[in-house]
Amino acid sequence: MQPFALNYARPARELVVAIPYVYDSGLQLNVLADGRVAACDHALLREVGTTTSTAGSKTHFDD
């Protein structure tokens, strides 16, 4: 028996998002393409709200 809701469920649309920063393992920070620290770019923080990465979560259980 199939639940009623599955008759009407639709897959979520995939969002195409361009992240303007990458994780630098040497600095252990997210950096912009020009080498600046992403957390220091106030316009970026207003736009995306955060610059968190998963790097800390892989090594520390309490992040």
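**Exercise 1. A nonpolar patch**

Work out which residues form a nonpolar patch on the surface of this predicted model, and where Ile 19 sits.

*Solution.* Start with the patch: Leu 15, Val 17 and Ile 19 make it up, and together they offer about 370 Å² of accessible area. Next, pick out Ile 19 and place it along the chain: this residue lies in the segment before β1, the strand that spans 21–24. Now check how open Ile 19 is. Its relative accessibility comes to 57%, and the cut-off for exposed is over 50%, so Ile 19 counts as exposed. Finally, look across to a partner further along the sequence: Val 48 is 29 residues away from Ile 19 along the chain, yet the two C-alpha atoms are separated by 9.1 Å.

**Exercise 2. Pairing up the strands**

Figure out how β1 and β2 pair, and find the bridge partners of Tyr 21 and Tyr 23.

*Solution.* Take the direction first: the two strands, β1 and β2, run antiparallel and share four bridges. Then go through the tyrosines one by one. Tyr 21 has Leu 32 as its bridge partner in β2, while Tyr 23 is matched with Asn 30 in that strand. To finish, follow the chain from one strand to the other: β1 and β2 form a hairpin, with four residues between them. One residue to look at in that turn is Gln 28, whose phi is positive, at about 55 degrees.

**Exercise 3. An aspartate in a loop**

Decide whether Asp 41 is buried or exposed, then list what its side chain meets.

*Solution.* Locate Asp 41 before anything else: you'll find this residue in the loop that links β2 (29–32) to α1 (42–48). For the accessibility step, compare its value with the cut-off: Asp 41 has a relative accessible area of 16%, and buried means under 20%, so this aspartate is buried. Now for the neighbours. Leaving out residues up to four places away in sequence, Asp 41 touches Leu 32 and Arg 36. Take these in turn. With Arg 36, there's a polar contact between the two side chains, at 3.5 Å. As for Leu 32, you've already met that residue in the hairpin, as the bridge partner of Tyr 21.

Notes: Residues are numbered from 1 along each chain as its sequence is written. This is a predicted model: local features need pLDDT of at least 70, side-chain atom pairs count only at pLDDT 80 or more; totals for chains, interfaces and linings use all residues. Side-chain values use heavy atoms; hydrogens and water are left out. Patches are made of residues with over 30% relative accessible area and no salt bridge: like charges are joined within 9 Å, nonpolar side chains (Val, Leu, Ile, Met, Phe, Trp, Tyr) within 5 Å. Accessible areas come from the Shrake-Rupley method with a 1.4 Å probe; for residues, only the protein chains shown count as cover. A salt bridge is a side-chain nitrogen of Lys or Arg within 4 Å of a carboxyl oxygen of Asp or Glu. Buried means under 20% relative accessible area, exposed over 50%, partly exposed in between (1.4 Å probe, protein chains only). A polar contact is a pair of N or O atoms within 3.5 Å; within protein, one must be able to donate a hydrogen and the other to accept it, and residues adjacent in sequence count only if both atoms are side-chain atoms. Contact means heavy atoms within 4.5 Å. Two strands pair if DSSP finds at least two bridges between them.
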